[in-house]
Amino acid sequence: MAARLAVSWLGAAPAAPRRGPLLSCRRWSGASADTVYDVVVSGGGLVGAAMACALGYDIHFCDKKILLLEAGPKKVLEKLPETYSNRVWDACSEALIMFDKDNLDDMGYIVENDVIMHALTKQLEAVSDRVTVLYRSKAVSYTWPYPFPMADSSPWVHITLGDGSTLQTKLLIGADGHNSGVRQAAGIQNVSWNYDQSAVVATLHLSEATENNVAWQRFLPSGPIALLPLSDTLSSLVWSTSHEHAAELVSMDEEKFVDAINSAFWSDANHTDFIDSAGTMLHYAVAFLKPTKVSARQLPPSVARVDAKSRVLFPLGLGHAAEYVRPRMALIGDAAHRVHPLAGQGVNMGFGDICSLVHHLSTAAFNGKDLGSMSHLTGYETDRQRHNTALLAATDLLKRLYSTRATPLVLLRTWGLQATNAVSPLKEQIMAFASK
Amino acid sequence: MSLGDICYKYEVITATGDQKLDHVERSSSMIDGDFGHESRNLCVGDLLREGPERRGILSVAVRGGRKLISSGSRFSAVLGSGFRDARPDCPRLTKSAVCSENQLSWTLPIKPWVFSEYKIMWFKSCRMTFACLNRMKSYRYPWTRPYSTSGTTVDSSEVKTFLALAHRWWDEQGVYAPLHSMNDLRVPFIRDNLLKTVANHQPGKPLSGMKILDVGCGGGLLTEPLGRLGASVIGIDPVDENIKTAQRHKSFDPVLDKRIEYRACSLEEIVEETAETFDAVVASEVVEHVIDLETFVQCCFQVLKPSGSLFITTINKTQLSYALGIVFAEQIAGIVPKGTHTWEKFVSPEKLESILESNGLSVQTVAGMLYNPFSGYWHWSENTSLNYAAYAVKSGVQEHQVPAEFVLKEEAEELQATASTNPAVHEELKK
């Protein structure tokens, strides 16, 4: 059971081999008999497929031609999603923050990558009159049109596929992951840096079946470790740690790996007395000011086994494209932004991008506008850059904050976390923002 | 610069043939090159209609006119029809009058031997001046054949202004940027009002099945969105270059290529063949450029089907529109190219309404539009003192159409009530 977590870059098309700044100067002239598509989505991962699906189901795109290009083969699978709450705590202190929804609304969902892909594939098949999906096809080069129509040169974007065929499109959407070929071909600047961390993911079997509806995340100095529930007996692990440690974890045998996980969740090795007492002090103060129900503290589950062959590692970094849009081109998902998995927001930002872009494109189509026109594309860019920049900055800040063992910062984050835990409206805001 | 001015200049020319040649050629080059001239664009039609003081110029023209008539005859000599035929025939000569690909360059190849014919010509000139002056205009612009008694609706000087910018239509950040962003207002305006007239529509192609005429389509800025929404559109414009640009632009899109047709002509020319064939006529930013609004509206009436819709967007004639629309927009900020608009030709909504109503078109909506030069976006507004849009419906002629008229009247009230929600809706859409 390849339970790959719904983390942003996993589902995307395999990272393209690095190509230099391609063909941004090459222009296409002369008419051709290629089909002119209205929208081509390059990259059939979670975000790309969802984009194609959303457009296919949009009422104003009924008679438009949409194409999805996916380099991999078609995937089909079966599984069930579940719903959860979220608990996060610090390894250097007792401070913890609990996000919970007392009412019956679900706070969030954790859905496996494969499940999502399967659902999307099915939906795409249902709108196959509008959306064409080309599997095993990879765009090799892109040719951009002139800024405004020159005599006899085609105003559309030309795409050359690996098998030599060409197509034209009025709007190209790049959803091809953090090493986006579309972004490179357009020559868009990408602000990026690598964290000195890799993430290890694996599927774990719990030692006893429980009502597994809590996601646990513990911030170790080397990086956060998170346990995300999949079913009553299964959880998914995302452990961000240094490159060497990650390589070790992947190569060590099962028992040692399980031990490492358990000790990461349970060990008190990083506590210092000072911080502990400071934390307790604030805890009492808060309890005094705001007497609240003191639910018994739930403990994270312990792990018994790990699924063979489910251990994978990949490097982590931050990335943000300076521009999300160009005439006749838009970036969504990881092509536009890449984030640390500690907040679980990577693919969610991508889905948010889809929402915004589909809204703008739908309005434009209903107004009979040229889909590649910058006027509505810049609207999408403004919307999303505002949201994503904030989230990226916050995630990066959290990552740096929790990577240290320095006492003042630990104290700061301990109190900060406890205070945030105490202030319910703030927590509600955070939950609302994260679940948008 | 107009024919009247040229005539006046001829007045000052003195004796010898060679000198005349010089002056004449200089004047002709002034016609060709002077696009940015901001003086009031008189045209001959205006001259003929104006009062006695204008006639003074015409008397000058009479004197100078003989020289022009000579040159007119020179044309006929060039063609080989000879001096005996002193009355130049309009349609046959037009094509040859255009001796280069630039339709405006009207060279006067006057040779000295022409002037020996003066005495013969003089007697005919007085009678023929008026007719010839009018026809001279037609030489230059073969499409402006006089229609009915009140003359054509196309203003030749306007044609000149637009010709200079014919290749810039589709640059969305260029000279025509405000017109591009006006689509955010006018396309929903047309679309929503047309959708009200049908019971149900196809999603994705809301205007499919409708025939629309876009008068003064320019480069096709408004024609293409209407085509994308499923309508079959005919776009007409008197400036040939505009039609060429529009044709070229739509040729790359196979869907639009089939739905849109462009023709370089004026409205009067297609009235007979297209009577009562259009569901809607769109005249956006056009009525402030036509000579004769009454004729224009009559033609629109004739080409519309019964209960067809007429959409007009134009600029109001107020002090504010002079200050902002001409002084600020053209001369100071350069939002609109200089010389595009003439304040005297702006039409107030009241005048437009009265003309529409008196020609059998019942006005349903009038809504103000406002342009924000900083953001580049248009907004709906209660205030019609600058730009405004009007929607009128041709009253149904047949008896069974009468109930439809009542329905439309009710809808008119509804429209007025929802006019205030329109700005909100359109701002939503615009965002």
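Trainee: Before we look at the two chains, what is a salt bridge?

Mentor: Good place to start! Look for a side-chain nitrogen of Lys or Arg and a carboxyl oxygen of Asp or Glu. The pair counts as a salt bridge when these atoms are within 4 Å. Keep in mind that the model in front of us is predicted.

Trainee: Thanks! Which residue of chain B meets the side chain of Lys369(A) in a salt bridge?

Mentor: Let's test the pair against the cut-off, which is 4 Å. The distance here is 3.3 Å from N to O, so the pair qualifies under that cut-off. The partner of Lys369(A) is Asp184(B).

Trainee: In which element of chain B does Asp184(B) sit?

Mentor: This pair crosses between chains. On the chain A side, Lys369(A) is in the loop between α7 (346-366) and α8 (374-401). On the chain B side, Asp184(B) sits in helix α8.

Trainee: Are Lys369(A) and Asp184(B) buried or exposed?

Mentor: A residue is called buried when its relative accessible area is under 20%, and exposed when it is over 50%. Lys369(A) falls into the first group, and so does Asp184(B): both are buried.

Trainee: How many salt bridges are there between chain B and chain A?

Mentor: Over all chains, the structure holds 18 salt bridges. Chain B and chain A also have 7 residue pairs in polar contact, with both residues at pLDDT 80 or more. The number of salt bridges between these two chains is 3.

Trainee: Which helix gives the most to the side of chain B that touches chain A?

Mentor: Four helices of chain B each supply at least two residues to that side: α8 (177-195), α9 (223-228), α10 (240-251) and α11 (254-259). The one that gives the most has 5 residues there, and it is α8(B).

Trainee: How many residues on that side of chain B are charged?

Mentor: In total, 24 residues of chain B are in contact with 25 residues of chain A. The chain B side divides into 12 nonpolar and 2 polar residues, and the charged ones number 10.

Trainee: How much area is buried between chain B and chain A?

Mentor: The size of an interface is often given as the accessible area lost when the parts come together. Carbon and sulfur atoms give 56% of that area here. The value between chain B and chain A is about 2100 Å².

Trainee: Let's move into chain B. Is Glu224(B) buried or exposed?

Mentor: Glu224(B) is found in helix α9 of chain B. Beyond residues up to four places away in sequence, Glu224(B) touches several residues, including Trp170(B), His249(B) and Tyr262(B). Its relative accessible area is 1%, which is under the 20% cut-off, so Glu224(B) is buried.

Trainee: How many residues apart are Glu241(B) and Lys244(B)?

Mentor: Their side chains meet in a salt bridge of 3.1 Å, N to O. Glu241(B) counts as partly exposed at 30% relative accessibility, and Lys244(B) does too, at 44%. Both lie in helix α10 of chain B, about one turn of the helix from each other, or 3 residues apart.

Trainee: And how many residues apart are Lys305(B) and Asp279(B)?

Mentor: These side chains meet in a salt bridge of 3.3 Å, N to O. The pair links distant parts of the chain, with Lys305(B) in strand β5 (residues 304-315) and Asp279(B) in strand β4 (residues 278-284). Along the sequence they are 26 residues apart.

Trainee: Which helix of chain A gives the most to the largest nonpolar core?

Mentor: That core has 56 residues, and those with the most contacts inside it are Met51(A), Ile159(A) and Ile173(A). The helix that gives the most supplies 8 residues, and it is α1 (residues 46-57).

Trainee: How many residues are in the second, separate core?

Mentor: You can find this core through some of its members, including Val154(B), Val159(B), Tyr176(B) and Val239(B). Its size is 40 residues.

Trainee: One last one: how far apart in space are Leu342(A) and Ser240(A)?

Mentor: Leu342(A) is found in the loop between β18 (337-338) and α7 of chain A, and at 6% relative accessibility it counts as buried. In sequence, Leu342(A) and Ser240(A) are 102 residues apart. In space, C-alpha to C-alpha, the distance between them is 8.1 Å.

Notes: Residues numbered from 1 in each chain as written. Chains lettered and ligands numbered in written order. Predicted model: local features only at pLDDT ≥ 70, side-chain atom pairs only at ≥ 80, totals over all residues. Heavy atoms only, no water. Contact = heavy atoms within 4.5 Å. Buried area = accessible area lost by both parts, 1.4 Å probe. Polar contact = N/O pair within 3.5 Å; in protein donor to acceptor, adjacent residues only side chain to side chain. Nonpolar A, V, L, I, M, F, W, Y, C, P; charged D, E, K, R; others polar. Buried < 20%, exposed > 50% of the residue type's maximum accessible area, 1.4 Å probe, protein only. Core = buried A, V, L, I, M, F, W, Y, C linked by side-chain atoms within 4.5 Å.
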